[in-house]
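Good morning, colleagues. Please take a moment with the sequence and the structure before I begin.

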Amino acid sequence: MLGFHSHQRYFICTAPVDMRKGIDGLCGVVRHLLEDNPMSGYVFIFFNKDRDKVKLLVWDADGYVMYHKRLERGTFPIVKPFGTNEGVELDYAQLVQLLGGLD
């Protein structure tokens, strides 16, 4: 999965995000809502309001990498506390389960 591994840290932005945002817009969300550094090497995870789209953003030594997934049916499971601005940290196994649609 795009070189993600268990030694990285994963943070979900629990507030819904406009999926029209690109890398620069998501960096702004990381800085202002999550109050973190988008160049930290952490993987930041964003969902839209309907939870049928997800974007992952990570700084990779010399540039940003963005992963985007859109479900054809269903939604991604809700991570509590959804709807707040604070980030929720996941481990790698939880990320794989989340992207695979498992609670």
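I shall go through the overall layout, the packing, the charged pairs and a few loop residues.

Please keep in mind throughout that this is a predicted model. The protein contains two helices and five strands. Read from the N terminus, the order of these elements is β-α-β-β-β-β-α. Of its 103 residues, 38% are buried. The accessible surface comes to about 5900 Å², and carbon and sulfur atoms hold 48% of that area. As for contacts with a separation of 6 or more, 58% of them join residues 24 or more positions apart.

Let me turn to the interior. How many residues does the largest nonpolar core have? The number is 16, and the residues with the most contacts inside this core are Ile-45 and Leu-56. Two or more residues of the core come from each of strand 1 (10-13), strand 2 (43-47), strand 3 (53-59), strand 5 (87-90) and helix 2 (92-99). Another core lies apart from this one; it has 13 residues, among them Met-19, Leu-26, Val-30 and Phe-46.

Ile-45 deserves a closer look. Leaving aside residues up to four places away in sequence, Ile-45 touches Tyr-10, Phe-11, Ile-12, Cys-13, Val-54, Lys-55, Leu-56, Leu-90 and Leu-95.

Ile-45 belongs to one side of strand 2, together with Val-43 and Phe-47, while Phe-44 and Phe-46 belong to the other side. Are these two faces covered or open? Both are covered, and each of the residues I have just named is buried. Put as a count, five of the five residues of strand 2 are buried. As background, side chains in a regular strand alternate between the two faces of the sheet.

Strand 2 also has a pairing partner. Strand 1 and strand 2 run parallel, and four bridges join them. Within that pairing, Phe-11 has Phe-44 as its bridge partner in strand 2.

I now come to helix 1, residues 23-32. Its buried residues are Leu-26, Cys-27, Gly-28, Val-29 and Val-30. Which strands do they pack against? They pack against strand 1, strand 2, strand 3 and strand 4. One of these helix residues, Cys-27, has a relative accessibility of 3% and therefore counts as buried. Another cysteine, Cys-13, is at 0% and so is also classed as buried. A search for disulfides across the whole structure finds zero.

Next, the charged pairs. The search for salt bridges finds four in the whole structure, and I shall describe some of them. Arg-20 and Asp-18 meet through their side chains at 2.8 Å, N to O. Arg-20 counts as exposed because its relative accessibility is 75%, whereas Asp-18, at 33%, counts as partly exposed. A further pair is Arg-70 with Glu-72, with 2.7 Å from N to O. Here both partners are exposed: Arg-70 has a relative accessible area of 54%, and Glu-72 has a relative accessibility of 64%. Then there is Lys-53 with Asp-52, where the N to O distance is 3.8 Å. Lys-53 is partly exposed, at 25% relative accessibility.

Finally, the loops. Most residues other than glycine have a negative phi. Arg-51, in the loop between strand 2 and strand 3, has a positive phi, near 60 degrees. Ala-61 also has a positive phi near 60 degrees, and its place is in the loop between strand 3 and strand 4. Which of the classes, buried or exposed, applies to Arg-51? At 4% relative accessibility, Arg-51 counts as buried. Ala-61, by contrast, is at 71% and therefore counts as exposed.

One more loop residue remains. Pro-77 sits in the loop between strand 4 (64-70) and strand 5. The residue is buried, because its relative accessible area is 9% and the limit for that class is under 20%. In sequence, Pro-77 and Leu-99 are 22 residues apart; in space, their C-alpha atoms are 8.9 Å apart.

To close, I would return to strand 2, with both of its faces covered, and to Ile-45, one of the residues with the most contacts inside the largest nonpolar core. Thank you for your attention.

How values were computed: Residues are numbered from 1 along each chain as its sequence is written. This is a predicted model: local features need pLDDT of at least 70, side-chain atom pairs count only at pLDDT 80 or more; totals for chains, interfaces and linings use all residues. Side-chain values use heavy atoms; hydrogens and water are left out. A disulfide is a pair of cysteine sulfur atoms within 2.5 Å. Buried means under 20% relative accessible area, exposed over 50%, partly exposed in between (1.4 Å probe, protein chains only). A nonpolar core is a set of buried Ala, Val, Leu, Ile, Met, Phe, Trp, Tyr and Cys residues joined through side-chain atoms within 4.5 Å. Contact means heavy atoms within 4.5 Å. Accessible areas come from the Shrake-Rupley method with a 1.4 Å probe; for residues, only the protein chains shown count as cover. Two strands pair if DSSP finds at least two bridges between them.
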